[in-house]
Amino acid sequence: MFQYRDLTATSSSSFRPFTNWCRGLLSSDTTRTSQKLNQFENGIFKFSSEVAEALAANLPVVALESTIISHGMPFPQNLETALVVESIVRENGSVPATIAVLDGKINVGLTLEGLEKLAKLGNKAKKCSRRDLAVVMAQGLTGATTVSGTMVIAHRAGIKIFVTGGIGGVHRDGENTMDISADLTELGKTPVAVICAGVKSILSIEKTLEYLETQGVTVTTFGERPDFPAFFTSKSGFMSPSYMRTVDECAALIHSNFQLQLQSGIVIAVPIPEQDSADAKIIQQAIDNALVEARDQKIYGKDVTPYLLQRISEETKGASLNSNIALVKNNARIGSLIAKSFTKIGTVEKTDVYKQGRSSNRATTIVDASQLQGLKYEGSQQLDPDLPQSKLLIIGGISMDIISTFYSSLTTGGSPSHSSTFDLSPYFHTSSPGTVQYSLGGVARNIAETAHRLSVAPIFVSIVGRDWAGRWLLEKMQEIGMETAGIQICDTKRTAVYNALHNADGQLICAVADMDCFAAISTQQVSNLIKKNPPNLVCFDGNISTECIKTIIETCASLRIPAFFEPTSIPKSLKLFTEGDSLFTSLLASQTLRYISPNQYELSAMYKEAESRGLFDGEWFRQIARLNIGAEFQQGIEKMIKKNPKLSFLLEQKIFVQAVFLLPYIPTLIIKLGKHGVLLAQLIQQDQIITTNIAENSRSENEIIVPNDNGNVIRFKYFDPISFSQSTIVNVTGAGDSLVGTLVAGITLYGDKEIDQILARELTQRQV
């Protein structure tokens, strides 16, 4: 089940509500595609898409066992706890990977259905230690992994950190029964760090610590003292050999263990918080009673632990279960923070099953300051030649957005006070109080993030400088899980920065846009990339050079790949015309540039520029004349305006006419009207009317269809926007880019035929 992580201080917050309901717009017709995207299979392993993407991008991943679901708690507390624990992991910056065997297939990351299935099966699920995995797989059974089984799979999957409640150990009469948990021997030979609340207190903690020492297992306590915890309580009376005060110290310990290649595990014992700790005397009495009952009923081996935990819960009237749930949540929080810190230290070279099976999508290393300074390239503009295959290629701008907002006035307490008027004069020639926020920006980057959040996994091509802003952008994109291998690092250019000054009401006063670096994107390398891995769609924004735009269109034309242009701004929208009419001569023959998404101002500017260059003369004019624009078209416009009086500005600004003049060259225009919605303009073939769901009986006053003698149809359709409460709007910056990101995602998956449905669901349904 694909999950979204809640990010902080990025531009995604400005359009997160938009992408949330954009996710739903594709869901009804994408069952087959979703099944392909949701899980990546590698032989005997099945990775959830969330885990697969995190491993590929080298994001922090935390393994979770599944016996705690099936054998550790009753239903429905087990399912509720599992979901909460996964949520805690995400909230603390890591990706949860609950491990289990479902119908003979090892799952690394479970869907909601998988979690529920395991929770309802309970004790009927096979308890899987190392010895049981092959049997359960061979017989196609469903099994829940113990600490031992989870460690085996996590290690093979390339996951270094594992969170659980408590580990198994030596039973209290182990010297006679030789009943020693396989968890301990696994810790001696499998290099995975286990974050737990110590040894389950039903066992002999003293003998377990001795056995771990014999196995060469590093044991440490997280906290200010070396007290080894006793699961339900924070102190057992025994000490760990060491203690780590912070998550960074724990991460450094794990890193050192891997650097030394000790091939043994680590136990990081996290004491249960005092407020959640059970009464030690009551717990001990319950344990003693349960042990006697187990012996009398001749319960042995793997059945002992679940029996004792159940009886202790009953004896303590649920107090032990509450403590169990609390300590698991606490471990999840600490373990996630350790995983996040460990990932930042650096990545040990992988030789695991995941990397072997996903060689076409190589992992991306998070860049820290020292790495950035030391990076050397054969040139300053090299694209990775081994970028993974993707159906969607997006080329264009990425920037750091710096938004400075004045406080309009200050109260005596120093807090901001907003007013309806804003006088700038007191703020000239001096520093002024306000707020400064950094966020991810860039039109193409915003489009790529939206497509990424819709599970299309685009390849994004752009450029940053070798500076702190470039490093910050790369790190933030990798935190989201986006592929960054297509972003070039340039020694001679600064990372693009958009620096805006807003008044207290959020209105733009002025801005400086430093975007020169995008001219350094190599046109030849972009062309080679398209040729090597032809995508279904190429999308580019107006930030790139005119030469690069021309190269993209020509390359796409040679391979019959449709292209999508996001104009970005009025000046940048005119780049299509700076090559005179040569660019549009090729467009006329191929209609390679199939989609553009201007706002009404950009459309008007493009029309006027083309007109001033005489591009509407000759063949272009003859093409327009063949469209038979006349009374029927005018009547359709009048009906649309009558139904939607707010659109009268479209007639006044000649938007319909301007769109018609561009349609012979660019057959689909998605015209963004800001708060008024979207106007779709198309030049399509007559037989496309049925396939695009615009049959006669489905037409409305919001739609104009004008056929002509050439078998083509001019079509305009208006889409109303969603009405949001003003209080729910955080920021509208990037909303238009999110619209385009959703469109290119839908077109990549389905082509033109679903464009109506995508726009209608985006702009007429409120699924936030």
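Two aromatic rings of Phe, Tyr or Trp (its six-membered ring) pair here if their centres lie within 6.5 Å; planes under 30 degrees apart make the pair stacked, over 60 edge-to-face, and anything else tilted. Going by that rule, there are eight aromatic pairs. Keep in mind that this is a predicted model. Below is a quick tour of the ring pairs, some backbone oddities, the cysteines, a four-strand sheet and one buried threonine.

**Aromatic pairs and a charge over a ring**

- Take F564 and Y595 to start with: the ring centres sit 5.6 Å apart and the planes make an angle of 25 degrees, so this pair counts as stacked.
- F564 belongs to strand β25 (residues 563-566) and Y595 to strand β26 (residues 593-596), so the pair links distant parts of the chain, with the two positions 31 residues apart in numbering.
- Buried or exposed, F564 and Y595? Both are buried.
- Y607 and F661 make another kind of pair: with centres 5.7 Å apart and planes at 85 degrees, they are edge-to-face.
- That second pair ties together parts of the chain 54 residues apart in sequence, because Y607 lies in helix α24 (residues 600-612) while F661 lies in helix α28 (residues 655-662).
- Y607 has a relative accessibility of 13%, so it counts as buried.
- F661 is buried too, its relative accessible area being 16%.
- Elsewhere, a lysine meets a ring: K160 lies over the face of F258, 5.1 Å from the ring centre.

**Backbone oddities**

- As background, most peptide bonds are trans, and most residues other than glycine have a negative phi.
- The bond between F75 and P76 is cis, with omega at about 10 degrees.
- P76 itself is found in the loop between α4 (67-70) and α5 (77-91).
- D103 isn't a glycine, yet its phi is positive, at about 50 degrees.
- Look for D103 in the loop that runs between β4 (95-102) and β5 (105-108); its relative accessibility of 52% makes it exposed.
- Q261 has a positive phi as well, about 55 degrees, and isn't a glycine either.
- The loop holding Q261 runs between α12 (247-259) and β14 (266-269), and with 59% relative accessible area Q261 is exposed.

**Cysteines**

- A disulfide is a covalent bond between the sulfur atoms of two cysteines.
- How many disulfides does the model have? The count comes to zero.
- C510 is partly exposed, because its relative accessible area is 42%.
- C548, at a relative accessible area of 1%, is buried.

**A four-strand sheet**

- Strands of a sheet pair through backbone hydrogen bonds, and they can do so parallel or antiparallel.
- Here, four strands make an open sheet with mixed pairing, in the order β19-β16-β22-β23.
- The edges are β19 (434-441) and β23 (508-514); each has a single partner strand, so one side of each has no neighbour in the sheet.
- From one strand to the next, the twist averages 15 degrees.
- Which way do β16 and β22 pair? Strand β16 (residues 399-406) and strand β22 (residues 497-502) are parallel, with six bridges between them.
- Two positions to look at along that pairing are I402, whose bridge partner in β22 is N499, and T405, which stands opposite H502 in β22.
- On the other side of the order, β22 and β23 run antiparallel and are joined by six bridges.
- H502 turns up again here, with L508 as its bridge partner in β23; so if you're tracing across the strands, T405 is opposite H502, and H502 is bridged to L508.- Helix α19 (residues 468-480) lies across β16 and β19, and runs at about 65 degrees to β19.

**A buried threonine**

- T555 is part of helix α21 (residues 546-559).
- With a relative accessibility of 5%, T555 counts as buried.
- Which residues does T555 touch, leaving aside its neighbours within four places in sequence? T555 is in contact with S527, I530 and K531.

Definitions and conventions. Residues are numbered from 1 along each chain as its sequence is written. This is a predicted model: local features need pLDDT of at least 70, side-chain atom pairs count only at pLDDT 80 or more; totals for chains, interfaces and linings use all residues. Side-chain values use heavy atoms; hydrogens and water are left out. Buried means under 20% relative accessible area, exposed over 50%, partly exposed in between (1.4 Å probe, protein chains only). A charge sits over a ring if NZ of Lys or CZ of Arg is within 6 Å of the ring centre and within 35 degrees of the ring normal. A disulfide is a pair of cysteine sulfur atoms within 2.5 Å. Two strands pair if DSSP finds at least two bridges between them. Axes are lines fitted to C-alpha atoms, for helices over the stretch in contact, and angles run from 0 to 180 degrees between N-to-C directions. Contact means heavy atoms within 4.5 Å.
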